[in-house]
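Welcome to a short set of exercises with worked solutions. Have a look at the structure first, then try each task before reading on.

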Amino acid sequence: MDILMTVWSYFATNILQQPAFMIGLIVMVGYILLGKPWYDTLGGTLKAIVGYLILTVGSGGLTNNFRPVLVGLKDRFNMDAMVIDPYFGQNAVTVGVEEVFGKGFGDAMILLFIAFIVNILLVRFTKYTKMRALFTTGNVQVQQAATAYWLIMFACPALLTNRVGMLIVMALLLGAYWAVGSNLTIKPCQEVTDGAGFCLAHQQMFGVAFFYWLAGKLFGNENKKNKGKKVKRIEDIELPGFMSMFNDNMVSASILMLAFFGAILCVLGRDYLIEGGFMQEGQSMVFYVIQTCLYFAVYLAILQLGVRTFVAELTASFQGIADKLLPGSVPGVDCAVIFGFGAPNAVTLGFLAGFIGQIVAIATLVLLKSPVLVICGFVPVFFDNATIGVFVNEKGGLKATLILPFISGLCQVFGSALIAGWVGMAAYGGYLGMWDWAVVWPVFTVVMKYLSYAGIAIVFIALLAIPQIQYRKDKEGYFLMTEDYEAYKELKAKKARAE
């Protein structure tokens, strides 16, 4: 057992928690199973790793560039508040779990191991489970394992006396959530990317599926008022005169970030920025603000380059895994991958709409004198809402892109404040804060807390039921969607003509 855990620990630390190498391993195994020559396998593996590392530079740059700006509001105004951000949330669990529950954080890594096996088994038996998505985003799995570890111990304290039972229960719930959540994003991803062959494995999977459906119902062709009408997406809108410059994503992102984050930097003030080490003494405030905001467009361009570099290799090679090991499956990847598809401006507008929603929600908490105050974290406010923006633009156009991420921002703040205050994580300064963990997991926690073991069974059975319901709603197209997307589109068009 010790040898097995040592091997797992090495694999988890160096591969599973490093998405670039995890993607590289998947590409390598896929090409080997396809019988590709060694030089094609090596070339594809390296290209996939380098592409993901480029994506990491882009997403890491966005996070590192803007997280201090948002956290600075907490320091500048002496607010005793928690930050909704995966890294602050993971740190809160690491610091507080032993003090609150008397348990070490090391068990969270064992939980990750068993949950990953559960995900693989659910996909392997897709004929019965109807699940088709393998969660490959290891750094996200670590953050989620940490938060789930806390929430389930809080909801079911009776499990604390049974370590093995506790880890099995947690792994079943978390593994099912990974498999079901990523499976929910297959249809949105296939439709937005025109059959690229991947889905999302991140922190807003239920959110993407929900808002994609809602965009169609409220703003798209699924609304009776819009039946037969063309949905006016962002990319379809031609702006007149000087407004036409906003048709260029790089220009629009730069101008909008200057307006919004430039204002925040000015509110923080020169003295704070120098004291915090963000600015150098004697540096021009004007040019510091301009450079900081323009880096948003820079990192977004880098991120999109990374997506284009590795997605083609991943989807081509994964066919080998789908054919030989996990029939009918698709890889679940980082949500940032979707930024390389759809309308580029949807990324910026979705982010800003979600940011405004978060600010409105935070102001409401302050006005209501909430016992738990929240500070925006860049990861939830950007990666959740920009991702949702891309999807809802495809289904519901500009209106959906401006309204639904705004609602998402409200949900992130209010949901995080409620759950983190209730379970005690707020006292340790952070909570994960992403959409699924501000909306879906709080519901799971309430059910488990008040129904105990029956609640655990209800949550698990409800998760397993979701793909079954999806399958029964579209038996002809459900598996065809991932096996032959062109045939799926023909089937879809045929059904549309028959209606």
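Which residues are linked with E191 in a network of salt bridges? The model is predicted, and the exercises below work from its coordinates.

**Exercise 1. Find the network, then place one of its pairs.**

Solution. Start from the network itself: E191 is linked with K395 and K492 through salt bridges. Next, take one pair from it. The side chains of E191 and K395 meet at 3.7 Å, N to O, which fits the cut-off of 4 Å for a salt bridge. Now place the two partners: E191 belongs to helix α9 and K395 to helix α15, so this contact ties together parts that are 204 residues apart in sequence. Finally, check the burial. E191 has 11% relative accessibility and therefore counts as buried. K395 is buried too, with a relative accessible area of 17%.

**Exercise 2. Describe two further salt bridges, giving distance, location and exposure.**

Solution. A search of the whole structure finds six salt bridges. One of them joins D194 to K489, with the closest N and O atoms 2.9 Å apart. D194 sits in the loop between α9 and β3, while K489 is in helix α18 (residues 485–498), so the pair connects parts that are 295 residues apart in sequence. For exposure, D194 has a relative accessible area of 44% and is partly exposed. K489, with a relative accessible area of 29%, is also partly exposed.

Now turn to R233 and E394, whose closest N and O atoms are 3.7 Å apart in a salt bridge. Here R233 lies in the loop between α10 and α11 and E394 in helix α15, so the pair ties together parts that are 161 residues apart in sequence. E394 has 19% relative accessibility and counts as buried, because buried means under 20%.

**Exercise 3. Why can helix α10 be called largely enclosed by the rest of the structure?**

Solution. Begin with the geometry. Helix α10 covers residues 205–218, 14 residues in total. From first C-alpha to last, α10 reaches 20 Å, close to the 20 Å expected at 1.5 Å a residue.

Then consider burial: 10 of the 14 residues of α10 are buried, so the helix is largely enclosed by the rest of the structure. Among these buried residues are M205, F206, F211, Y212 and L214. The glycines G207 and G216 are on the list as well.

Last, ask what does the enclosing. The buried residues pack against the helices α8 (163–184), α9 (186–193), α15 (378–423) and α16 (435–473). They also pack against the strands β2 (133–135) and β3 (199–200).

**Exercise 4. Work out the strand order of two open sheets, and name the edge strands.**

Solution. Take the sheet that contains β1. Its three strands run in the order β5-β1-β6, with parallel pairing. The edges are β5 (374–375) and β6 (430–431), each having a single partner strand, so one side of each is left without a neighbour in the sheet. To check one pairing, look at strand β1 (residues 82–84): two bridges join β1 to β5. In β5, I375 is the bridge partner of V83.

Next comes the open sheet of three strands in the order β2-β4-β3, where the pairing is parallel. Its edge strands, β2 and β3, each pair on one side only. Two bridges connect β3 with strand β4 (residues 330–333) in the parallel sense. Across from L200 stands V333 in β4.

**Exercise 5. Which residues make the nonpolar surface patch of about 490 Å²?**

Solution. The patch is made by W422, V446, Y450, L451 and I458. Sort these by element: helix α16 gives the largest share, four residues, and W422 is found in helix α15. With 31% relative accessibility, W422 counts as partly exposed, and the patch cut-off is over 30%.

For contrast, try L265, which has its place in helix α11 (residues 249–268). At 1% relative accessibility, L265 counts as buried. As a last check on the coordinates, the C-alpha atoms of L265 and V439 are separated by 30 Å, and the two residues are 174 residues apart along the chain.

Methods. Residues are numbered from 1 along each chain as its sequence is written. This is a predicted model: local features need pLDDT of at least 70, side-chain atom pairs count only at pLDDT 80 or more; totals for chains, interfaces and linings use all residues. Side-chain values use heavy atoms; hydrogens and water are left out. The expected span of a helix is 1.5 Å times one less than its number of residues. Buried means under 20% relative accessible area, exposed over 50%, partly exposed in between (1.4 Å probe, protein chains only). Contact means heavy atoms within 4.5 Å. Two strands pair if DSSP finds at least two bridges between them. Patches are made of residues with over 30% relative accessible area and no salt bridge: like charges are joined within 9 Å, nonpolar side chains (Val, Leu, Ile, Met, Phe, Trp, Tyr) within 5 Å. Accessible areas come from the Shrake-Rupley method with a 1.4 Å probe; for residues, only the protein chains shown count as cover.
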